[in-house]
Amino acid sequence: MTAFDLDTLENQVNELIRVCDRLRDENASLRASQEHLVAERAELIEKNEQARIRVEAMVARLKAMEDQL
């Protein structure tokens with residue numbers, strides 16, 4: 001191999017290392033974002049369930065009031 005070939009290969013390897021580092025950082029960021037979104041989704045599901053229960057209780061009370069009339 002000539003010196004030119006080795007320099008080219010070294011440059012390509014260095015570029016691959018930079019790309020791998022960038023992808024590793026991006027992957028870590030995406031995983032953290034995903035964890036946050038999963039937690040947020042679970043919180044919203046819980047809030048939705050609580051709201052559903054309250055609405056059903058209100059409807060039941062309204063029906064009971066209607067039946068009393």
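**Note on a single-helix model**

1. The side chains of Arg18 and Glu15 form a salt bridge, with N and O 2.8 Å apart. The model in which this pair appears is a predicted one. Arg18 and Glu15 are three residues apart in helix α1, which covers residues 3–68, so about one helical turn separates them. As for exposure, Arg18 has a relative accessible area of 48% and is partly exposed. Glu15 is also partly exposed, at 40% relative accessibility. Both values fall in the class between 20% and 50%, because buried means under 20% and exposed means over 50%.

2. A second pair is made by Arg22 and Glu26, whose side chains meet in a salt bridge at 3.7 Å, N to O. That distance counts because the cut-off for a salt bridge is within 4 Å. The spacing here is four residues, about one turn of the helix, and both Arg22 and Glu26 lie in helix α1. Arg22 is partly exposed, its relative accessible area being 48%. Glu26 counts as partly exposed too, at 40%.

3. Arg52 and Glu49 make a further salt bridge, in which the closest N and O atoms are 2.3 Å apart. These two residues are three apart in helix α1, about one turn of the helix. Arg52 is partly exposed at 37% relative accessibility, and Glu49 is partly exposed at 33%. The pair does not stand alone: a network of salt bridges links Glu49, Arg52 and Glu56.

4. How many salt bridges are there by this rule? The count is six, and the pairs Arg18 with Glu15, Arg22 with Glu26 and Arg52 with Glu49 are among them. As background, side chains of opposite charge can pair when their charged atoms come close.

5. On the overall fold, the protein has one helix and zero strands. The C-alpha trace spans about 100 × 10 × 10 Å along its principal axes. The radius of gyration of the protein is 30 Å, whereas a compact globule of 69 residues would have one near 11 Å. As a check on the distance along the chain, Val38 and Arg54 are 16 residues apart in sequence, and their C-alpha atoms are 25 Å apart in space.

6. What share of the 69 residues is buried? The figure is 0%. The accessible surface of the protein comes to about 6600 Å², and carbon and sulfur atoms account for 59% of that area.

7. Nonpolar side chains are also found on the surface. Leu6, Leu9, Val13 and Ile17 form a nonpolar patch there, with about 320 Å² of accessible area together. Within this patch, Leu9 has its place in helix α1 and is partly exposed, at 40% relative accessibility. Leu9 is above the patch cut-off, because patch residues need over 30% relative accessible area. Val38, a further nonpolar residue, is placed in helix α1 and is exposed, with a relative accessible area of 53%. Val38 falls in the exposed class because the threshold is over 50%.

8. On charge, the protein carries 10 positive and 15 negative charges. The mean positions of these two sets are 9 Å apart.

9. In summary, the predicted model has one helix and zero strands, and buried residues make up 0% of the protein. Along this helix, Arg18 and Glu15, Arg22 and Glu26, and Arg52 and Glu49 are each set about one turn apart.

Key. Residues numbered from 1 in each chain as written. Predicted model: local features only at pLDDT ≥ 70, side-chain atom pairs only at ≥ 80, totals over all residues. Heavy atoms only, no water. Buried < 20%, exposed > 50% of the residue type's maximum accessible area, 1.4 Å probe, protein only. Rg over C-alpha atoms; globule rule 2.2 N^0.38 Å. Areas by Shrake-Rupley, 256 points an atom, 1.4 Å probe, with all protein chains shown as cover. Lys, Arg positive; Asp, Glu negative; His and termini not counted. Charge placed at Lys NZ, Arg CZ, Asp CG, Glu CD. Patch = residues over 30% accessible without salt bridge, like charges linked within 9 Å, V, L, I, M, F, W, Y side chains within 5 Å.
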